[in-house]
Each structure stands twice: as structure tokens, then as C-alpha cells.
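Let's take a walk through a molecular structure together. Have the sequence and the 3D view open, and follow along at your own pace.

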Amino acid sequence: MNPITYLEAGDVTGALYHSEQPGRAFIAGGTNLIDLMKEQVMRPHALVDINSLALAEITPSASGGLLLGATARNADTAYHPLVRDGYPLLRAAILAGASPQIRNMASNGGNLLQRTRCHYFYDIGTACNKRDPGSGCAAIGGLTRQHAILGASAHCIATHPSDMCVALAALEAVVHVESAAGARQIAFADFHRLPGEHPEQDTTLAPGELITQIELPPAERFAAHSAYLKFRDRASYAFALVSVAAMLDVGDDGVVRDARLALGSVAHKPWRVPLAEAALVGRPAGAETFAHAAELLLSGAQGQGENDFKITMARRAVIRALEQALEGTHDNSHEYAGKEPL
Amino acid sequence: MDDHLTAAPRAAAITTYPINLRINGVPHRFEVEAWVTLLDLLRERAALTGSKKGCDQGQCGACTVLVGGKRINSCLTLAVMQNGKDITTVEGLADGAQLHPLQQAFIEHDAFQCGYCTPGQLCSAVGLMNEGQANSVAEVRELMSGNVCRCGAYPGIVAAVTEVMGMPERKDNPDRPYLPGTVPA
């Protein structure tokens, strides 16, 4: 790791003041940033520790939703009674990610800001437009098993690796940020961006802006029917090849009243298609409806060769996640429950 | 005039930070550079080499320690960020010569071969029990998944942890009886 200096911010104002100087980075959990600093992928020269900011609370919001503090830990968030009872999808997604140790360290704000796990982004000996803008993309034509099948550009085919963010996209969370210029709110769909010509920009966060809270709108109507389904190369502690967050609001007549669908690890951001969700509404919940929605969600998907299988896998995962959501509240452990290891 | 090729580089002032840590119940004070990870501090400055640097990337769990009773990867945090914290390493689990029940169970269930991952496995299992979220053998297995064992001692590890937690005995594969220390035919 390069020599760095360290500052501990006492409050949001102090953190914002310190962050105005170039080369400084906020640190909360540090699970991704410290790793990237060891690999020389990110090279801030000073860290501003925001763990002393009063941003670790999880509290009900005025509108009947929930406010997740930016420095609340992923584990504390997943196990919080208000998340467990009101947002089972979010709990399931968080617990499907990383390891217990990392979930104990990683912050909610940091989860949103984690970088891609593209091998070429991590390897400073290779070309990467995200790490070194203008240098090219070594992933295109390379090993692409984990890469994008949707929304990629000629400059970058990286995927966003978060599980939590897939659930937050489906829940239509709102990211609260502050900067010296004031506070603003960013709809989750607008928070992460597609690579386009600027893959070095993961998000629409401006330099110096600090995430303070993540707001979850009320979601009672979906609480009885949600599923987070994650497919990966081993049963636990691996990034997704494909993941799906599915929520259904189903009437007694079996007709879908409302639906949300988001795909993870297939694009530079959690992937939603309004048409796919609209295609579920007003239709009987069942195989035909689900297959149609899956087709629409994967519309335009294009593989890189080695990851072509992800298109079929994603389509099937969407259908299975919707079937699971129809049954009740599923977390990813249902994939393995009752199965004996070899 | 200085020759820029041969002159000794101007020594850059290196800032150090005073930190106080309680490690295995004993107060310590260190002066550390900002880039020193908690793992490096424990191993190189506190001479506690039980915590292992397996991958140094948060992928193996061999560096697992407890901070305030919660398990973390000590390779993924800076020592300065832990100022004032209460840290337990594998060296702090036993009570004098009396092994921690998990340590005893690891021996009885043959829960290690080379032993390199064992300090991390033990600290992780203590953290798992503190967290209180594992209510079945499957959940123990899932919530121990942050600790990789290259020797494949997982059946013994699961048996040891579940025994100490008082869970009903359950072999991994009831059709294939497993005797610790043997290779099934």
C-alpha cells in the first residue's frame, strides 16, 4: 500500500470539509477500498474515516418506510427487526453476499460504492478504461465468464457485483447525499450508471458528495411475496453469475397487481426494465406470464462468448425467482436446503 | 549542488498515529503508520502470530479476529481505524492452560489437518456463537463459509462447532458413515 495519511471526521460538516481536498477518500468499512489500495488500483493519499459520524442508525421514516444509515453495517442491517419483518428481500440479498466477517465490517454506503470485481480492473498490468481512462479494455475478447450481457459499451463490459443493490433497485430506494453545496436525493435507478464512454464513473455521485442515508419506501404490499435468487460458482461466499430480486403483489384471484424485478451481475448496474414489470401486472401469476416477463427483461442481451450461458441462465433464474416469490418469502438458502453435500 | 541521480532522497516525514488497543484483555499502546493493517500490527508489532496472513484480500478468513466480540477480517481494516477497540485473537481464547471448549472440540473432531486456517476458524466460530443467528447445521455451515480450509476439514469443523453449540448430532452424509481421521472407502 502507498503511504497515506489518516483523518477522523467528527461530524458530516467536518467530513465534507476534509473531502474537498483532492486525493482524499472516505472510509467506513474499508473492505473493498483497502483491498483496492493494496492492489494499487485505487491510490488516495489520505483517508477520511467517517465511522464517528452519527450515521449508523436504522429508523422508521416519516412516510412509513425505513432509513438505513450509511455507516450501519451490512450484517446489522440484515438482522435488524424492522428489515427482517418489513423488507425480507433486502435481508435475503445482503445475507447472500460476501462472508459473515465482511458483512460485519462493510457499511451500507460502501456497499453501493463497491467497485467491479472484473479481473482486468484489478490487474494493473492490463488495459482498463475504468481504472485508467483511455487505456482500452482487456476484458473484451478475454476471460468474460463474469461479465455483462446487458448495457455494456465498447469501452467497458464490467458488472456491478453487489447483491444488496439488486434488492435496493427492486425496492426503489432513494439515496440521500450531502455535500458542501447542500443535500440532495438520488433515485436508486439513477444512482449507478451504464459505462458508455465513461466507465471510470460508476455512479452519478459528484466528487465530495457523501452518502448519509438510504431510504426504503413502504413495501408492505410486497412483503408476503418476494425472493432473492443467486446463482454462483460455489454454494456460498462467491459473487453472483446471475442474481434476481423479485417482488409480487398478488390478489386473491391470483392476478398480479404489482411487480418488481431486478437482475444482478449482468450489467454495470442492477438491471430493471419497466416493460417487463408492466407485463406481469393484470396477468394471472404463472409460468406463461413469468416467461414473458423474463423475455422482456433479457431483451437485447448480448454475450461476450464465454458468458453467453448467462443469458439463458438469467432467463431461467427470473422465472424461478418469480415462482418462489409467488409461493411466499424466499431467501437464497432455499436453493440448498435439504440437499446433502457430496 | 545536489546531483539528482545520486543524492540521497530527501527523507519524507512519515506521520504516525498513537492508538490504544485492548488485545486479549491487555491494554497496548502503539505508534503506527496509517497504512498498517490490523493484521500486520497484531503479527509484526504485538508478536501475536496466531492470526494468519493467508490471502491478505479477505478471501480466506485465516486472519479472522474478534473486535468487540464481532468477527472481522483483520487484513481488511487499518489499525488506526480500530483505536480504542477490544480485540480478541486466537491467543486469547484459552483460559490459561484450559482450552476454550471450541479448541477442545476441534481436537476431538479432528477439525484440522495442517492447522493454518484453524485460528481463523476458531475466532470465526466464537463470533458465530456470539451473533446467535445459526440455528441449524446448514446455517452453521453457511455462516462459517467465510473461512476456507484447504485441507478440507469441513466435516470435522462443522461437527466441532455444532457440538459446542449443543445442536443434535448430524453427520454430513448419513449413507456414508464418517470416522474422524479416516478416508471413507
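Before we start, one term: helices and strands are runs assigned by DSSP, at least four residues for a helix and at least two for a strand, and they are numbered from the N terminus. Keep in mind, too, that this is a predicted model.

With that term in hand, look at the loop of chain A that lies between β9 (226-232) and β10; A:Y237 is found there. Is A:Y237 buried or exposed? The cut-off for a buried residue is 20 or more other C-beta atoms within 10 Å. A:Y237 has 20 C-beta neighbours inside 10 Å, so it counts as buried. The backbone of A:Y237 is worth a look as well: its phi is positive, near 55°, although the residue is not a glycine.

Now follow chain A onward into β10. Which strand does β10(A) pair with in a hairpin? The partner is β11(A), and five residues sit between the two strands. In that turn you can find A:G254, which has a positive phi of about 80°. The two strands run antiparallel and are joined by eight bridges. To see one of these pairings for yourself, find A:L248, whose bridge partner in β11(A) is A:A259. Strand β11(A) covers residues 256-264, and seven of its nine residues are buried, so the strand is largely enclosed by the rest of the structure.

Strand β10(A) also leads us to the interior. The largest nonpolar core has 155 residues, and A:L89, A:A93, A:A167 and A:V318 are those with the most contacts inside it. Strand β10 of chain A, residues 240-250, gives nine residues to this core, the largest share. Try selecting A:L89 in your viewer. Leaving aside neighbours within four places in sequence, which residues are in contact with A:L89? They are A:A167, A:A170, A:L171, A:S226, A:Y228, A:A245 and A:M247.

Let's step back and take in chain A as a whole. Its secondary structure comes to 13 helices and twelve strands. Why can we call chain A as compact as a globular protein of that length? Its radius of gyration is 20 Å, close to the 20 Å that the globule rule gives for 342 residues, so the description fits. Along the principal axes, the C-alpha atoms of chain A fill a box of roughly 60 × 50 × 45 Å. Of the 342 residues of this chain, 51% count as buried. Chain A also brings together residues that are far apart in sequence: among its contacts with a separation of 6 or more, 66% are between residues 24 or more positions apart. The domain assignment of chain A gives domain 1 (5-52) and domain 2 (222-332), and the centres of these two domains, taken over C-alpha atoms, are separated by 36 Å.

Next comes chain B, which is divided into domain 1 (16-89) and domain 2 (93-185). How many residues of domain 1 of chain B are in contact with domain 2 of chain B? There are 15, and they meet twelve residues of domain 2. On the side of domain 1 that touches domain 2, β3 (64-67) and β4 of chain B are the elements that give two or more residues. The largest share comes from β3(B), with three residues. By class, this side of domain 1 has five nonpolar, seven polar and three charged residues.

Stay in chain B and find helix α1, residues 38-45, where the buried residues are B:L38, B:L39, B:D40, B:L41 and B:L42. These buried residues pack against β2 (26-33) of chain B. After the helix comes B:A47, whose phi is positive, near 55°. Further on, in the loop between α1 and β3 of chain B, you will find B:D56. Its phi is positive too, near 60°. B:D56 is partly exposed, with 18 other C-beta atoms within 10 Å.

Finally, let's see where the two chains meet. The contact takes 29 residues from chain B and 26 residues from chain A. On the side of chain B that touches chain A, β4 (70-73), α3 (118-131) and α4 (137-143) each supply at least two residues. Which element gives the largest share of that side? It is β4(B), with four residues. The residues on this side of chain B divide into twelve nonpolar, twelve polar and five charged.

Definitions and conventions. Residues numbered from 1 in each chain as written. Chains lettered and ligands numbered in written order. Predicted model: local features only at pLDDT ≥ 70, side-chain atom pairs only at ≥ 80, totals over all residues. Buried ≥ 20, exposed ≤ 12 C-beta atoms within 10 Å, placed from the backbone. Contact = placed C-beta atoms within 7 Å. Domains from an automatic or database assignment. Nonpolar A, V, L, I, M, F, W, Y, C, P; charged D, E, K, R; others polar. Core = buried A, V, L, I, M, F, W, Y, C linked by C-beta atoms within 7 Å. Rg over C-alpha atoms; globule rule 2.2 N^0.38 Å. Pairing = 2+ DSSP bridges.
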